[in-house]
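Let's take a walk through this fold, one piece at a time. Keep the viewer open and follow along.

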Amino acid sequence: EYSHIQGTRWNKNVITYSIGRYTRDLPRRTVDSLIESAFSVWARASGLTFVRSHTRSADIIVEFVTHDHGDLYPFDGPRGTLAHAFGPGLGVGGDTHFDDDERWTAGETGFNLFVVAAHEFGHALGLKHSRNPGSLMYPTYTSLHPANLLSREDVANINALYSPVRSH
Ligand SMILES: CC(C)C[C@H](CS(C)(=N)=N)C(=O)N[C@H]1Cc2cn(c3ccccc23)CCCCCCNC1=O
Ligand SMILES: [Zn+2]
């Protein structure tokens, strides 16, 4: 049980998020709903609650940025790395950045924002990568079917970090 070590998990059940800079690839309301859906994937499996806030004091700040964007991990233009997220913690902890040089979509072409966001929020909750290609936390993008995004391994890993909840 490592929960006493700061940074491996959030030590609260209600986590706030806010959306800063948007992408021009999708309507804002579409981005809002895809981000909300990606959080709800983890809410169902972890028992955590995600609440949207409109202030920059939220736990998780979600933004679309390019190249150098104020952290030590500049993006690389089209393709390559699609996004990154900081692990749980204060300040930059949990913050999630999407590379706006990618083509973000709600469907099959380009990169599916819902699928990528769900992967990133796994990192923002403290999950590492999986070696299982069927896992959401596999290190490379695969157009997973949104219906069954989480593998049994993903559910087991989030349960190991947070209060276990039946995955019905
Ligand atoms: C799993 C994602 C949602 C998030 C991760 C980033 S992270 C930090 N959150 N784990 C990601 O972007 N992985 C790269 C990994 C990657 C694949 N290639 C690359 C070529 C160059 C650089 C990186 C890559 C080969 C070419 C395909 C490039 C497009 C797809 N890119 C990826 O899958
Ligand atoms: Zn990753």
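Two strands count as paired when DSSP finds at least two bridges between them. With that in hand, take Val-65, which stands opposite Asp-99 in strand 5. One thing to keep in mind throughout is that this is a predicted model.

Now zoom out to the sheet. Five strands make up an open sheet in the order 2-1-3-5-4, and the pairing is mixed. Strand 2 (49-52) and strand 4 (83-85) are the edge strands; each has a single partner strand, so one side of each has no neighbour in the sheet. From one strand to the next, the twist averages 20°.

How do the strands run relative to each other? As a general point, strands in a sheet pair through backbone hydrogen bonds, in either a parallel or an antiparallel sense. Here, strand 1 (residues 14-19) pairs with strand 3 in the parallel sense, over three bridges. On that side, Ile-19 sits opposite Val-62 of strand 3. Strand 3 is also parallel to strand 5 (residues 96-99), this time over four bridges. Follow that pairing along and you find Thr-96 of strand 5 as the bridge partner of Val-62, then Phe-98 of strand 5 as the bridge partner of Phe-64. The antiparallel sense turns up between strand 4 and strand 5, which pair over three bridges. Phe-98 appears there too, as the strand 5 bridge partner of Ala-83.

Which residues of strand 3 point which way? In a regular strand, side chains alternate between the two faces of the sheet. In strand 3, Ile-60, Val-62 and Phe-64 point one way while Ile-61, Glu-63 and Val-65 point the other, and all are buried. Put as a tally, six of the six residues in strand 3 (residues 60-65) are buried. Strand 5 is covered on both faces as well: Thr-96 and Phe-98 are buried on one side, His-97 and Asp-99 on the other.

So much for the strands; on to the helices. Helix 1 lies across strand 1, strand 2, strand 3 and strand 5, and runs at about 160° to strand 1. Helix 2 lies across strand 3, strand 4 and strand 5, at about 145° to strand 5.

Helix 1 has a helical neighbour too. Helix 1 (residues 28-46) packs against helix 3 (residues 152-161) at an angle of about 70°, and their axes are 9 Å apart. That angle makes the two helices, helix 1 and helix 3, roughly perpendicular. Their crossing is right-handed. If you want to see where they touch, look at Trp-42, Ala-45 and Ser-46 in helix 1, which meet Asp-154, Ile-158 and Asn-159 in helix 3. Sorted by class, this contact has three nonpolar, two polar and one charged residues.

Next, pick out Leu-113, which lies in helix 2 (residues 113-124). Is Leu-113 buried or exposed? Its relative accessible area is 0%, so Leu-113 is buried, the cut-off being under 20%. Leaving aside residues up to four places away in sequence, Leu-113 touches Leu-26, Val-31, Leu-34, Phe-64, Phe-98, Trp-104 and Thr-105. You've met Phe-64 and Phe-98 already, as bridge partners in the sheet. Leu-113 and Thr-30 are 83 residues apart along the chain, yet their C-alpha atoms are separated by 9.9 Å.

The loops deserve a look as well. Asp-59 is in the loop between strand 2 and strand 3, and with 13% relative accessibility it counts as buried. Apart from residues up to four places away in sequence, the contacts of Asp-59 are Trp-10, Lys-12, Val-14, Ile-15, Thr-16, Gly-91, Gly-93 and Asp-95. Of these, Gly-91 is 32 residues from Asp-59 in sequence and 7.5 Å away in space, C-alpha to C-alpha.

Finally, a backbone detail. Most residues other than glycine have a negative phi. His-67 isn't a glycine, but has a positive phi of about 40°. Arg-79 is another non-glycine with a positive value, its phi being near 60°. His-67 is in the loop between strand 3 and strand 4, and so is Arg-79. As for accessibility, His-67 is partly exposed at 40% relative accessible area, whereas Arg-79 counts as exposed at 57%.

Definitions and conventions:
Residues numbered from 1 in each chain as written. Chains lettered and ligands numbered in written order. Predicted model: local features only at pLDDT ≥ 70, side-chain atom pairs only at ≥ 80, totals over all residues. Heavy atoms only, no water. Axes fitted to C-alpha atoms, helices over the stretch in contact; angles between N-to-C directions. Parallel < 35°, antiparallel > 145°, perpendicular 65-115°, else oblique. Left-handed = near helix turned anticlockwise from the far one by under 90°. Contact = heavy atoms within 4.5 Å. Nonpolar A, V, L, I, M, F, W, Y, C, P; charged D, E, K, R; others polar. Buried < 20%, exposed > 50% of the residue type's maximum accessible area, 1.4 Å probe, protein only.
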